[in-house]
Amino acid sequence: MKLKWMLLGLLAVAMGAQAQESQTQQEKEARAIVAGFQWRDGQVAVDEAKARFDLDENFRYLGAADARKVLEQLWGNPPDDSVLGMIVPKGRGVLDDTGWAVVVTYSDDGYVS
């Protein structure tokens with residue numbers, strides 16, 4: 001009976017180590033994705049939205065392709081072709097537990113005179 005419990009204990013330790021290895025690999029892959037991002041600061045034109053952002057030193061901007069990587073690959077959201085970009089606060093990365101962002105989209109729904 002002791003052997004059975006010892007084997008179960010070893011199995012649990014091995015499974016925990018494997019899960020930790022898997023998480024570490026996922027973290028490395030996520031960091032590699034973020035390292036390839038093209039961040040923009042200051043004045044950012046978003047032609048598809050007919051808009052321009054004048055970001056201060058506390059924010060930065062990601063274009064459509066990188067914003068979709070954050071939303072879909074890193075944060076697990078479904079694909080969304082309407083995403084034009086993302087404004088992210090500096091000092092809080094997209095991988096941080098307290099990270100957040102403003103997603104930029106545009107809908108040409110009407111006209112106000």
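Which residues of H2 are buried? Let's keep that in mind while we look at the chain as a whole.

Hello everyone. This is a predicted model, so please note that local features need pLDDT of at least 70, side-chain atom pairs count only at pLDDT 80 or more, and totals for chains, interfaces and linings use all residues. Residues are numbered from 1 along each chain as its sequence is written, and side-chain values use heavy atoms, with hydrogens and water left out.

Let's begin with the overall layout. The chain contains two helices and six strands; these are DSSP runs, H or I of at least four residues for helices and E of at least two for strands, numbered from the N terminus. Going along the sequence, you meet the pattern α-β-β-β-β-α-β-β. Of the 113 residues in the chain, 19% are buried. Here buried means under 20% relative accessible area, exposed means over 50%, and partly exposed is in between, with a 1.4 Å probe and protein chains only. The chain exposes about 8,400 Å², and carbon and sulfur atoms supply 53% of that area; accessible areas come from the Shrake-Rupley method with a 1.4 Å probe, and for residues only the protein chains shown count as cover.

Now back to my opening. The buried residues of H2 are Asp66, Ala67, Val70, Leu71 and Leu74. They cover an arc of only 135° around the axis, which puts them on the same side of H2. That arc is taken from the directions from the helix axis to the C-beta atoms. There is a general reason to expect such a pattern: an α-helix has 3.6 residues a turn, so residues three or four places apart point the same way. On the other side of H2, Ala65 and Gln73 are exposed. After H2 comes glycine 76, with a positive phi near 80°.

One member of that buried set is aspartate 66, with a relative accessible area of 9%. Leaving aside its neighbours within four places in sequence, aspartate 66 is in contact with Phe37 and Gln38, where contact means heavy atoms within 4.5 Å.

What makes up the largest nonpolar core? It has eleven residues in all: Ala30, Phe37, Leu62, Ala67, Val70, Leu71, Leu74, Val83, Met86, Val88 and Val94. By nonpolar core I mean a set of buried Ala, Val, Leu, Ile, Met, Phe, Trp, Tyr and Cys residues joined through side-chain atoms within 4.5 Å. Helix H2 (64-74) and strand E5 (85-89) each supply at least two residues of this core, and H2 gives the most, with four. Apart from this core lies another, of eight residues, among them Val44, Val46, Tyr61 and Leu84. In soluble globular proteins, nonpolar side chains tend to be buried together.

Let me pick out valine 70. Setting aside neighbours within four places in sequence, valine 70 is in contact with Phe37, Leu62, Trp75, Met86 and Val94.

On to the strands. An open sheet of four strands has the order E1-E4-E5-E6, with antiparallel pairing; two strands pair if DSSP finds at least two bridges between them. Its edge strands are E1 (39-40) and E6 (102-104), each pairing on one side only. E4 and E5 run antiparallel and are joined by five bridges, and leucine 62 stands opposite methionine 86 in E5.

Strands E2 and E3 also pair in the antiparallel sense, over four bridges, and alanine 45 has arginine 52 in E3 as its bridge partner. In E2 (residues 43-46) the side chains alternate: Val44 and Val46 point to one face and are buried, while Gln43 and Ala45 point to the other and are not.

E2 and E3 form a hairpin with four residues between them. In that turn, lysine 50 has a positive phi of about 55° although it is not a glycine. Is lysine 50 buried or exposed? At 63% relative accessibility, lysine 50 counts as exposed.

My last stop is aspartate 56, in the loop between strand E3 (51-54) and strand E4 (59-63). Aspartate 56 is partly exposed, with a relative accessible area of 40%. Its side chain reaches the backbone nitrogen of asparagine 58 at 2.8 Å. The C-alpha atoms of aspartate 56 and proline 89 are separated by 10.0 Å, and these residues are 33 residues apart along the chain.

That's my tour. Thanks for listening!

Terms used:
Polar contact = N/O pair within 3.5 Å; in protein donor to acceptor, adjacent residues only side chain to side chain.
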